[in-house]
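The following account leads the reader through the structure, beginning with a single helix and widening to the chains and the contact between them.

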Amino acid sequence: MFRVLLRIALASLGRRLSRSMLVVLMIAMSLWGLLFMEGIYDGMTEQFIDNAIRSDSGDISIFAKGYRLDPGLEKAIERFDEIEHVLTADNRIRSHVRRLRQDGLIATAHYSRNAAIYGVELEAEERHGRLASYLREGVYDFGKKGRGVILGSRLAAKMKVGLGKKIILSAQNRDNDVSALSLRVTGILKTNNMALDENAVFIGIDKARELLLLPAGASQISIMVHDKEEVPAVQKQLAAQFANLDVMAWNSLYPALHQGREMMEVFNLITSLLVFCVAGLGIFGVMLVSVLERLREFGIMLAIGTTFQEIRTIVFVESFILGLSGYCCGSLLGGLTLFYFYQYGLDLTMFSAGLDAFGMDAITYALIRPSYFLTALAAVTGATLISVLVPLRILQKARPIEAINKI
Amino acid sequence: MDSSFLEIRQVAKVFSPGQDVELKALSHIDLNIDRGEFAVLSGPSGSGKTTLLNIIGGLDGASSGEVVLDGITVTGLDERQLSGLRRDHIGFVFQAYNLIPVLTARENIEYVMRLQGHGQEECNWRIEEVAGKLDISHLLDKLPNHLSGGQQQRVAVARAVASKPKLILADEPTANLDSKSAANLMDMMQQLNEDEGITIVFSSHDPLVISKAKHSIVLRDGEVVANEHVR
């Protein structure tokens, strides 16, 4: 019997082909928009987070107790070898790097600014967070004698220094005296982590030890794990293991980004609700008109023995065909669009000046998550179910003889 | 006293009861129709023929009285039971044919049989048999809007007969047909009545049609004014 009901539903949709196609198109386009926005916005958020993790926090960072609130050389991490042994032995951890950080002053003959001096190991940083990929100018190298310096892009712009230019770096050393180094700019980084681009001065860790008179220790150990799902467990275990240190996950170090991700989930939910409304209203309109136009036809069917439940099946089948056709077209279109932007990125170079101000990448790579498609499916399914309730109510109230007499 | 196949006891129908323009369509109708009869309800327009057929078929409710069809009290059934009754026991032929426009003639005839749960093979066999009797075998794959009025009405009769109902109710089945088609249709229905033993009750005010009936019931202003077995 279902075959006959399906045949009636399909034939009825075919009879109003342009109207049916319009609803399918409407659902498909709104779904395409939803998927595109979700993928791109999530891509932007995740790029923000990824930049912060790769260039600074890692998935987890270890600091000396109280360093985050009151940074200073006296709060350097001691016993690095012991910590490194633990980190190397844990197979959930992919990589770790140590950094020595001190606030200081960068100066040229004309300008001077506050700077965050990072003593880093470039090779380890490259393995850890692919820092070299952020290089915009110059080389990813401090030179043979380690007298090179890599600057954040905004800092370089504000200092009006370019490659090969000489700068003086000065900072308070461990003896509370001021030390200074004369260095040449070998590279300029643009991480889109605004804190780094505005202030960061990267020098070799040995050069930093020389500047700060600190032969051992580190300000920060940044850790990357293989599986991001493992971050809370690894953080908890390390915190328990090194109770005298602060072990913090990236979302504690960058709470705004974490909130941004949560906001994006709310945004996605709202967008799904919009799709639900668009699909619901579209199907509701078509099904209401369709039912009202066919009251006589349904009356005949009721008169010759069709039950209301069987008529309801026809209406539901029509509604589902409209909804699922729209969903399939929209998902296919949205999925292909997202795949393209996942591969090649959305190039917003023409807005790069504006994006720069917010620390955003000019090229945004879309994300593709199964949840986008599942949420959209739930929204469209919900819309198809709810949108036929009123038409079905009208049908349920109609007596066969009254419906037959409707012309 | 032997009970009839179809008993209509004190059936009355009032439209808009209790309102200023109350309309009495039927007044305490008592009728008995035996199994296998070929009965006609005749009378002028507004005499209550269609209303009575609708009440017998459970398409409309009676204001009072009861209709008993083969032991089933039609007037006491709920909507779901009425659907079952119409599906399994009654075939309808309407004045305006009332075929399902999106289904072919074959699918229209098959429709009620599928509702009854018959398999495809059984449906096909029965469709061929009925279509042969009604001379519509060559029309089976056509949609209703590609058929003439007479052809559509024959398909409607085939739909009513194919499901092997106990009773066929036909409301002015020849009203929209020319006299030749009307005579043809009545001959075919008479033949089906004899071959299949189906009780047929139809309404008409066409003298040619009325002359074919074995049991003639005349209504006027909602009352039975004549009730006689002709042959």
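In helix α7 of chain A, which covers residues 205-212, the buried residues are A:I205, A:K207, A:A208, A:L211 and A:L212. Viewed down the axis of α7(A), these buried residues lie within an arc of 155°, so they line one face of the helix. This arrangement can be set beside a general property of such helices: an α-helix has 3.6 residues a turn, so residues three or four places apart point the same way. The cover over the buried residues of α7(A) includes five strands of chain A, namely β2 (93-107), β3 (112-120), β6 (166-172), β7 (178-189) and β8 (200-204). Directly after α7(A) comes A:L213, which has a positive phi, near 55°.

The model is a predicted one, and its confidence values should accompany any reading of chain A. The mean pLDDT of chain A is 88, with 98% of the residues scoring at least 70. Within chain A, confidence is highest in strand β5 (residues 148-152), at a mean of 95, and lowest in helix α13 (residues 352-357), at 68. As a general caution, where pLDDT is low, the predicted coordinates should not be read in detail.

Taken as a whole, chain A contains 16 helices and twelve strands. Its radius of gyration is 31 Å, well over the 22 Å that the globule rule gives for 407 residues, so chain A is more spread out than a compact globule. The C-alpha trace of chain A spans about 100 × 45 × 30 Å along its principal axes. Of the 407 residues in chain A, 43% are buried. Among contacts in chain A between residues at least 6 apart in sequence, 82% connect residues at least 24 apart.

Chain B has a secondary structure of seven helices and ten strands. For its 231 residues, a compact globule would have a radius of gyration near 17 Å, and the value for chain B, 17 Å, agrees. The C-alpha trace of chain B extends about 50 × 40 × 40 Å along its principal axes, and 48% of the 231 residues are buried. Among contacts in chain B between residues at least 6 apart in sequence, 69% join residues at least 24 apart. The mean pLDDT of chain B is 88, and 98% of its residues reach 70 or more.

Strand β3 of chain B (residues 38-42) offers a view of the interior: five of its five residues are buried. Both faces of β3(B) are covered, with B:F38, B:V40 and B:S42 buried on one side and B:A39 and B:L41 buried on the other. β3(B) pairs in the parallel sense with strand β8 (residues 199-204) of chain B over five bridges, and here B:L41 stands opposite B:S203. β3(B) also pairs in the parallel sense with strand β9 (residues 215-220) of chain B, over four bridges; in this pairing B:A39 stands opposite B:H215.

It remains to consider how the two chains meet. In the contact between them, 18 residues of chain B touch 18 residues of chain A. Helices α2 (79-89) and α3 (105-116) of chain B each supply at least two residues of the side that touches chain A. The largest share of that side, five residues, comes from α3(B). By character, the residues of chain B that touch chain A comprise nine nonpolar, three polar and six charged. For the complex, the predictor gives an ipTM of 0.87 and a pTM of 0.74.

Conventions:
Residues numbered from 1 in each chain as written. Chains lettered and ligands numbered in written order. Predicted model: local features only at pLDDT ≥ 70, side-chain atom pairs only at ≥ 80, totals over all residues. Contact = placed C-beta atoms within 7 Å. Nonpolar A, V, L, I, M, F, W, Y, C, P; charged D, E, K, R; others polar. pLDDT = per-residue confidence, 0-100. Buried ≥ 20, exposed ≤ 12 C-beta atoms within 10 Å, placed from the backbone. Arc of directions from axis to C-beta. Rg over C-alpha atoms; globule rule 2.2 N^0.38 Å. Pairing = 2+ DSSP bridges.
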